[in-house]
Amino acid sequence: MKPVFEITKAAHFDAAHYIEQGPADHRYRKLHGHSFKVEASVRGAMQDAGWVADLDGLDAALKAVAAELDHGLLNDRPGLESPTLERLCLYFAERLTPQFPGLSRVVISRPTIGESCALAL
């Protein structure tokens, strides 16, 4: 049986958003921003090169998606009209899976307020 490994890279971005659900006076309805951390993990057997996937390639792809969102309004992005942590996980997964079919996990967190969401694939 071949060993199965999981590699992970992280990136950061800052973005604004608002959530329209909830009571009319809820603080989530007001435009506000967060510093986000995103982690992407690829799981699989060791390839001929001696790795699961190229960490530099994963790093570049993850940072490219984070750069799309950095210093923007998340609500303006298709699929993020209601930009919850869950939808952000899906956003990253949809963009990374074509290049990394072994993508196994995406974690989005807001470290300064102690919140995170993980998507297992």
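1. His-71 sits in the loop that joins helix H1, residues 55–69, to helix H2. The backbone there deserves a look when you turn the structure, since His-71 has a positive phi of about 55° although the residue is not a glycine. The side of the question that concerns solvent is answered by its relative accessible area of 65%, which places His-71 among the exposed residues because the cut-off for that class is over 50%. Please keep in mind throughout that this is a predicted model, and that the values below are computed from it.

2. As to the overall fold, the protein contains two helices and four strands, and read from the N terminus these elements follow the order β-β-α-α-β-β. The C-alpha trace spans about 55 × 25 × 25 Å along its principal axes. Among contacts in the protein with a separation of 6 or more, 63% are accounted for by residues 24 or more positions apart, a figure worth holding in mind for the individual residues discussed below.

3. Turning to the surface, 37% of the 121 residues of the protein count as buried. The protein exposes about 7100 Å², and 52% of that area is supplied by carbon and sulfur atoms. On the charged side chains, there are 13 positive and 16 negative ones, and the centres of the two sets lie 4 Å apart.

4. Where is the largest pocket lined by two or more residues of one element? The largest pocket holds about 220 Å³ of space, and 13 residues line it, of which His-17, Tyr-28, His-32, His-34 and Arg-110 are the closest to its centre. The elements that contribute two or more residues to this lining are strand S2, residues 32–45, and helix H2, residues 85–96.

5. Phe-5 belongs to strand S1, which covers residues 4–17. Is this residue buried, partly exposed or exposed? Its relative accessibility is 35%, so Phe-5 counts as partly exposed, the class that runs between the 20% and 50% limits. Once neighbours within four places in sequence are set aside, Phe-5 is in contact with Val-42, Arg-43, Gly-44, Met-46 and Val-52. By way of a distance check, Phe-5 and Gly-114 are 109 residues apart along the chain, and their C-alpha atoms are separated by 28 Å.

6. Ser-109 is placed in strand S3, residues 103–110. With a relative accessible area of 11%, Ser-109 is buried, because that value falls under the 20% limit. Which residues does Ser-109 touch, if those up to four places away in sequence are not counted? They are Ser-35, Phe-36, Lys-37, Glu-115 and Ser-116. The C-alpha atoms of Ser-109 and Ala-24, which are 85 residues apart along the chain, are separated by 26 Å.

7. Gln-99 lies in the loop between H2 and S3. Leaving out residues up to four places away in sequence, Gln-99 touches Gly-57 and Ala-61. For Gln-99 and Glu-68, which stand 31 residues apart along the chain, the separation of the C-alpha atoms is 17 Å.

Terms used: Residues are numbered from 1 along each chain as its sequence is written. This is a predicted model: local features need pLDDT of at least 70, side-chain atom pairs count only at pLDDT 80 or more; totals for chains, interfaces and linings use all residues. Side-chain values use heavy atoms; hydrogens and water are left out. Buried means under 20% relative accessible area, exposed over 50%, partly exposed in between (1.4 Å probe, protein chains only). Contact means heavy atoms within 4.5 Å. Accessible areas come from the Shrake-Rupley method with a 1.4 Å probe; for residues, only the protein chains shown count as cover. Lys and Arg count as positive and Asp and Glu as negative; His and the chain ends are not counted. The place of a charge is taken as NZ of Lys, CZ of Arg, CG of Asp or CD of Glu. On a 1 Å grid over the protein atoms alone, a cavity is a set of points where a 1.4 Å probe fits but cannot get out, and a pocket is an open set with protein on both sides within 12 Å along at least five of seven lines; lining residues have an atom within 4 Å of a point. Grid points are joined across faces, edges and corners, and a volume is the space filled by probe spheres set on the points.
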